[in-house]
Amino acid sequence: QYGGGYQKPSFIMVNSSGTVETDDVLGQINWDNNDDDGTTLQVKGVATENHASGANGGSKLEFYVTPNTTSALALAATIEQNKDLTLENDFIVKGDDLTIGGDDNGAATIERKTHSDEAGGPLRVKGGTATGTDKAGGSCNLYGGQGTGTGTGGSINFYVYKPAGSTGSSNNTTPSSVILSGTDASFQIPA
């Protein structure tokens, strides 16, 4: 189909339903095989709200794969309506660098997901493991950001949360810290 401002060539799926409601499938692409009688890959567009012409059109994309030794589709990744990417398994970056955050001075956070009803899980940052005979493991280096001119470099701050004085279910909020200063490289333990 060509028209309505689309560039040529275009592949367009049109949902002919008069109403689109939350969780309706807007369209999908299936990879079917004759030898296993089913779909083994799938990309699906799903409405995340009731659609209204010229107003609401919230949608997400879901990606499905079939794991080895199975014949059932499994959700692998979702691009949410707010542009978040949710992966259902490990995230592997083949390149050497991972940069996060926008072109601004706002804070960026890498955080282990909160455990809804039990103790929090550990988050580990590790250098590379060696293989072979007598090979050194990779270092794990932490850097504060570089300043310019007379601007100080970023400090490296370590925080832990002290337990409260009484029992409770609210998160403890008073951190204690150790600071490697970006001003003079001093090691500080604030009171």
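The following exchange examines strands, surface residues and contacts in a predicted model.

User: On what basis are residues numbered and values computed in this model?

Analyst: Residues are numbered from 1 along each chain as its sequence is written, and side-chain values use heavy atoms, with hydrogens and water left out. As this is a predicted model, local features need pLDDT of at least 70 and side-chain atom pairs count only at pLDDT 80 or more, while totals for chains, interfaces and linings use all residues.

User: How many bridges join strand 2 to strand 3, and which residue of strand 2 stands opposite F63?

Analyst: Strands here are DSSP runs (E, at least two residues), numbered from the N terminus, and two strands pair if DSSP finds at least two bridges between them. Strand 2 covers residues 38–47 and runs antiparallel to strand 3, to which six bridges join it. The residue opposite F63 in strand 3 is V43.

User: Is T40 in strand 2 buried or exposed, and which residues does T40 contact?

Analyst: Buried means under 20% relative accessible area, exposed over 50%, and partly exposed in between (1.4 Å probe, protein chains only). T40 has 18% relative accessibility and therefore counts as buried. Contact means heavy atoms within 4.5 Å. Apart from neighbours within four places in sequence, the contacts of T40 are W31, N33, V65, T66 and L73.

User: Which residues form the covered face of strand 3?

Analyst: In a regular strand the side chains alternate between the two faces of the sheet. In strand 3, the uncovered face consists of S59, L61, F63 and V65. The covered face consists of K60, E62 and Y64.

User: Which side chains meet in a salt bridge, and at what distance?

Analyst: A salt bridge is a side-chain nitrogen of Lys or Arg within 4 Å of a carboxyl oxygen of Asp or Glu. By this rule the count comes to one. E62 and K60 are both buried. The side chains that meet are those of E62 and K60, with an N to O distance of 3.5 Å.

User: Which residue of strand 5 stands opposite A77?

Analyst: Strand 3 (residues 59–65) pairs with strand 4 (residues 74–79) in the antiparallel sense over five bridges; in this pairing F63 stands opposite A77, and L61 has I79 as its bridge partner. Strand 4 also runs antiparallel to strand 5, joined by three bridges. On that side, the residue opposite A77 is L87.

User: Which residue in the turn between strand 4 and strand 5 has a positive phi?

Analyst: These two strands form a hairpin with five residues between them. The positive phi, about 80°, belongs to K83.

User: What is the area of the nonpolar surface patch that includes L123?

Analyst: Patches are made of residues with over 30% relative accessible area and no salt bridge, with like charges joined within 9 Å and nonpolar side chains (Val, Leu, Ile, Met, Phe, Trp, Tyr) within 5 Å; accessible areas come from the Shrake-Rupley method with a 1.4 Å probe, and for residues only the protein chains shown count as cover. L123 is in the loop between strand 5 (85–87) and strand 6, and its 52% relative accessibility makes it exposed. The patch also includes L61, I79 and L87 among its members, and its area is about 950 Å².

User: Which strands stand at the edges of the sheet with the order 6-7-8?

Analyst: This is an open sheet of three strands with antiparallel pairing. Each edge strand has a single partner strand, so one side of each is left without a neighbour in the sheet; the edges are strand 6 and strand 8.

User: How far apart are the C-alpha atoms of V160 and P175?

Analyst: V160 lies in strand 6 (residues 156–161) and counts as exposed at 52% relative accessibility. Beyond residues up to four places away in sequence, V160 touches T174, P175 and S176. V160 and P175 are 15 residues apart along the chain, and their C-alpha atoms are separated by 5.4 Å.

User: Which backbone nitrogen lies 3.0 Å from a polar atom of the S181 side chain?

Analyst: S181 is in the loop between strand 7 (175–180) and strand 8 (187–188), and it counts as buried at 12% relative accessibility. Leaving aside neighbours within four places in sequence, S181 contacts S155, S186 and Q188. The backbone nitrogen in question is that of T183.

Conventions
Helix = DSSP H or I, 4+ residues; strand = E, 2+ residues; numbered from the N terminus. Polar contact = N/O pair within 3.5 Å; in protein donor to acceptor, adjacent residues only side chain to side chain.
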